[in-house]
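This report covers ring pairs, core packing, a helix crossing and a few single residues. Keep the structure open while reading.

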Amino acid sequence: MDATAQILFGGLFQGSLYAMMAVGLALIWTTIGVFNFTHGVMMMLGAYIAWTLAETGLPFALVLPLVIVVMAGVGWALQASVVRPLIGRPNIVLVVVITTLAAASLIENATLELWGPRSKQLPPLIAGNTTILGVGVSLHQIAIIVIAPVVLGALWFFLNRTRLGLALRAVAQNEDASLLVGLNVKALYGLAFAISAALAALAGIFMGGYRFMSPVMGADPLLKALIVVVFGGLSSVSGPIFAAYLIGFFEAICSYYFGLYWTPALLFAVLIVTLMIRPEGIFGSKSRGLA
């Protein structure tokens, strides 16, 4: 029972984090058709801003929404300055990869200058520990397992039941038709980046509550987010969410039976085999959308 509980808890925890990290990246791809390589530093920056606000004595219940709003604005500004001027170019995917990598390096080094190299840590969402089915777990991790599906469910509701969300789906499916019916496509691009940055910041705050923060803390989450969206499929947002939990459980099983050393190798082996059999991903299709 201990082994089953440990794998179950580990899979849910890792899957929740991976889903939060990957869904924003998938949102940008399905809407605009580019990869945003600043996604990792958006996670890091959100965590650092939250730490700064928490140090002033603000209650964490107030820090969380403030950071989400601030990072949504940062995401909008990033899109307007780095991505929007490039839209329409024939080689936009490659150019945006280069420009967002450059922007990520700039933000990372600016963070190092402003906050210094010393590691920091955020207070947990809920302090304390408990035991579930014989496995010791922190209440912070349980909070993440509960909050992540709620946030993802709210995103699904937004995309499928609101006018703005339906407009985003329309742009993802057919940009030219969206322009013809009068949608402000550039503003919707900015909205996609704002939502993506806010989700990344939330994931960064989750991570900063149980591990030490550093200016390079976003590198590994960005890699995992890329793996999840490729594995789940780039044609929708829901595919990477399901894939995130599958990968979380796969990593939990591999870590328990084979150890942390072999887990990344096994994960990449499964990813390669999956893409050889199904290049569009296990939940993907040949057309883009936000379903």
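Seven aromatic pairs occur in this predicted model. Tryptophan 29 and phenylalanine 35 make one of them, and the pair is stacked. Their ring centres lie 5.0 Å apart, with 25° between the planes. Both tryptophan 29 and phenylalanine 35 are buried.

Tyrosine 256 and tyrosine 257 form an edge-to-face pair. Here the distance is 5.0 Å centre to centre, and the angle between the planes is 80°. Tyrosine 256 has a relative accessible area of 39%, so it is partly exposed. Tyrosine 257 is at 56% relative accessibility, so it counts as exposed, the cut-off being over 50%.

Ring pairs also join Phe9, Phe13 and Tyr210 into a cluster. A charge-over-ring arrangement involves tryptophan 51. Lysine 120 lies over the face of that ring, 5.2 Å from the ring centre.

**Core**

The largest nonpolar core has 90 residues. Which residues have the most contacts inside it? They are Met20, Met21, Val67 and Leu122. Methionine 20 can be followed further. Apart from neighbours within four places in sequence, methionine 20 is in contact with Ala148, Val151 and Leu152. The list for methionine 20 also includes Leu199, Leu202, Ala203 and Phe206.

**Helix crossing**

Two packed helices are described by the angle between their axes and the distance between the axes. Helix H1 spans residues 2-32, and helix H9 spans residues 219-232. H1 and H9 pack at an angle of about 70°, with their axes 8 Å apart. Angles of 65 to 115 degrees count as roughly perpendicular, so this term applies to H1 and H9. From H1, the contact uses Tyr18, Met21, Ala22, Leu25 and Ala26. From H9, it uses Pro221, Lys224, Ala225, Leu226, Val228 and Val229. Met21 thus appears in the contact with H9 and among the residues with the most contacts in the largest core.

**Single residues**

Four residues are set out below by element and accessibility.

| Residue | Element | Relative accessibility | Class |
|---|---|---|---|
| Serine 138 | strand E2 (residues 135-138) | 16% | buried |
| Leucine 94 | helix H4 (residues 92-115) | 55% | exposed |
| Alanine 77 | helix H3 (residues 60-83) | 43% | partly exposed |
| Alanine 201 | helix H8 (residues 185-208) | 0% | buried |

Is alanine 201 buried or exposed? Alanine 201 has a relative accessible area of 0%, and buried means under 20%, so alanine 201 is buried. Not counting residues within four places in sequence, alanine 201 is in contact with Met42, Met43, Gly46, Val67 and Met71. Val67 is also one of the residues with the most contacts inside the largest nonpolar core. Alanine 201 and leucine 64 are 137 residues apart along the chain. Their C-alpha atoms are separated by 9.3 Å.

Serine 138 is buried as well, because its 16% falls under 20%. Serine 138 touches Gly128 and Asn129, leaving out residues up to four places away in sequence.

How far apart in space are leucine 94 and proline 215, C-alpha to C-alpha? The distance is 25 Å, across 121 residues in sequence. For alanine 77 and phenylalanine 157, the C-alpha separation is 25 Å, with their places 80 residues apart along the chain counted as the distance apart.

Technical notes:
Residues numbered from 1 in each chain as written. Predicted model: local features only at pLDDT ≥ 70, side-chain atom pairs only at ≥ 80, totals over all residues. Heavy atoms only, no water. Phe/Tyr/Trp six-rings, centres within 6.5 Å; stacked < 30°, edge-to-face > 60°. Buried < 20%, exposed > 50% of the residue type's maximum accessible area, 1.4 Å probe, protein only. Lys NZ or Arg CZ within 6 Å of the ring centre and 35° of its normal. Core = buried A, V, L, I, M, F, W, Y, C linked by side-chain atoms within 4.5 Å. Contact = heavy atoms within 4.5 Å. Axes fitted to C-alpha atoms, helices over the stretch in contact; angles between N-to-C directions. Helix = DSSP H or I, 4+ residues; strand = E, 2+ residues; numbered from the N terminus. Parallel < 35°, antiparallel > 145°, perpendicular 65-115°, else oblique.
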